[in-house]
Amino acid sequence: MRPDSTHDDLAARPATPFDIPLRQLHLRTLGRCLQLGVRDFSRAPWIGLFYGACFVGMGWALMVVFRQAPVYVLALSAGFLLMGPFLCMGLYRVSQQLEAGAAPHFADSLFAWRTRLGTLAIFGFALLVLEMLWGRAALVVFAVSFDGMPDFKGSVLALLDLDNLGFIVAYLAVGAVFAGLIYAVSVVAIPMILDRQTDAITAALTSLRLVLTQTPVLLVWGALITVLVVLALLPGFAGLLVVGPVLGHASWHLYRHAVG
């Protein structure tokens with residue numbers, strides 16, 4: 001080994017999150033990622049259907065809580081926010097194995113998070129904090145808009161009443177800010193954590209860089225995900241059985257296209 005080889009290896013590694021190379025994305029890249037997501041799902045359908053069933057079950061659980069104890073819906077949503085990265089990481093593992101030419105294994109996908117537990121815990125905690133701040137900001141909007149705090153059903157009715165246009169605009173604006181921030185720091189962070197030895201801050205900042213430098217394409221990607229998920233919710237959440245895993249696989253390929 002040459003005396004300066006270690007120095008060369010260190011110099012070749014990105015010194016900061018801002019040195020990690022990002023590739024240019026195009027609208028056709030999004031279509032390609034969806035195609036690859038469908039391909040991965042078709043190559044490992046039973047694994048994908050398991051994770052899709054988990055997404056459907058989460059939707060049903062939210063509906064049950066909404067009907068029986070609406071006050072706990074936000075808390076349950078926060079818990080699902082923590083479960084989401086673990087479920088998606090299983091789908092990312094399947095895509096990673098297929099990309100490497102290996103046969104995916106259900107057990108390996110189910111426990112893919114074990115090697116990144118600490119990093120995922122930190123990242124999940126950050127998402128939970130953002131979710132709690134989002135909920136607190138929404139409560140403030142309610143408090144200054146109405147006399148007393150409505151329950152969750154009352155909140156939905158208020159959002160549907162055009163007489164409350166000022167409240168609706170403020171509520172949606174707050175939601176857009178927090179949803180956009182969560183999306184920006186997480187769009188490629190989880191697959192990056194799985195794919196390489198990195199910390200939660202580096203992954204989040206890399207994701208944020210990608211969104212800030214290629215905003216139009218990433219806005220289209222976010223809108224595409226939103227539309228597909230909303231359509232999947234309509235038939236009693238049943239659409240998530242397929243749409244959920246396909247989007248999970250597609251998100252892996254978006255990361256692979258975007259991050260050098």
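Let's start with one residue: H253 sits in helix α12. This is a predicted model, and its chain has 12 helices and zero strands. From H253 we can move out to the cores, and then to a patch on the surface.

**H253 and its surroundings**
- H253 counts as buried because its relative accessibility is 4%, and the cut-off for buried is under 20%.
- Setting aside neighbours within four places in sequence, H253 is in contact with C33, L36, G37, R39, D40, S95 and E99.
- Helix α12, the home of H253, runs through residues 240–258.

**The chain as a whole**
- Reading along the sequence, you meet the pattern α-α-α-α-α-α-α-α-α-α-α-α.
- The chain has 260 residues, and 40% of them are buried.
- Take the contacts between residues at least 6 apart in sequence: 75% of them join residues at least 24 apart.
- About 14000 Å² of the chain is exposed, and carbon and sulfur atoms supply 70% of that area.

**The nonpolar cores**
- In soluble globular proteins, nonpolar side chains tend to be buried together.
- Here, the largest nonpolar core has 38 residues, and F123, V187, L218, W221 and L254 have the most contacts inside it.
- Two or more residues of this core come from each of α2 (27–43), α4 (73–99), α6, α8 (165–186), α9 (189–195), α10 (200–213), α11 (215–233) and α12 (240–258).
- Which helix gives the most to this core? That is α12, with six residues.
- A second, separate core has 13 residues, including A44, I47, L91 and L240.
- Back in the largest core, F123 is one of the residues with the most contacts inside it.
- Not counting residues up to four places away in sequence, F123 touches V185, S186, A189, I190, I193, A200 and A204.

**A nonpolar patch on the surface**
- Nonpolar residues are found on the outside too: F125, V129 and L133 form a patch on the surface.
- Together, these three residues have about 280 Å² of accessible area.
- V129, one of the three, lies in helix α6, which spans residues 117–145.
- Is V129 buried or partly exposed? V129 is partly exposed, because its relative accessible area is 33%, and partly exposed covers values between the buried limit of 20% and the exposed limit of 50%.
- Helix α6 therefore has a place in both settings: V129 of the surface patch belongs to α6, and α6 also gives two or more residues to the largest core, with the 20% limit marking what counts as buried.

Conventions
Residues are numbered from 1 along each chain as its sequence is written. This is a predicted model: local features need pLDDT of at least 70, side-chain atom pairs count only at pLDDT 80 or more; totals for chains, interfaces and linings use all residues. Side-chain values use heavy atoms; hydrogens and water are left out. Patches are made of residues with over 30% relative accessible area and no salt bridge: like charges are joined within 9 Å, nonpolar side chains (Val, Leu, Ile, Met, Phe, Trp, Tyr) within 5 Å. Accessible areas come from the Shrake-Rupley method with a 1.4 Å probe; for residues, only the protein chains shown count as cover. A salt bridge is a side-chain nitrogen of Lys or Arg within 4 Å of a carboxyl oxygen of Asp or Glu. Helices (H or I, at least four residues) and strands (E, at least two) are DSSP runs, numbered from the N terminus. Buried means under 20% relative accessible area, exposed over 50%, partly exposed in between (1.4 Å probe, protein chains only). Contact means heavy atoms within 4.5 Å. A nonpolar core is a set of buried Ala, Val, Leu, Ile, Met, Phe, Trp, Tyr and Cys residues joined through side-chain atoms within 4.5 Å.
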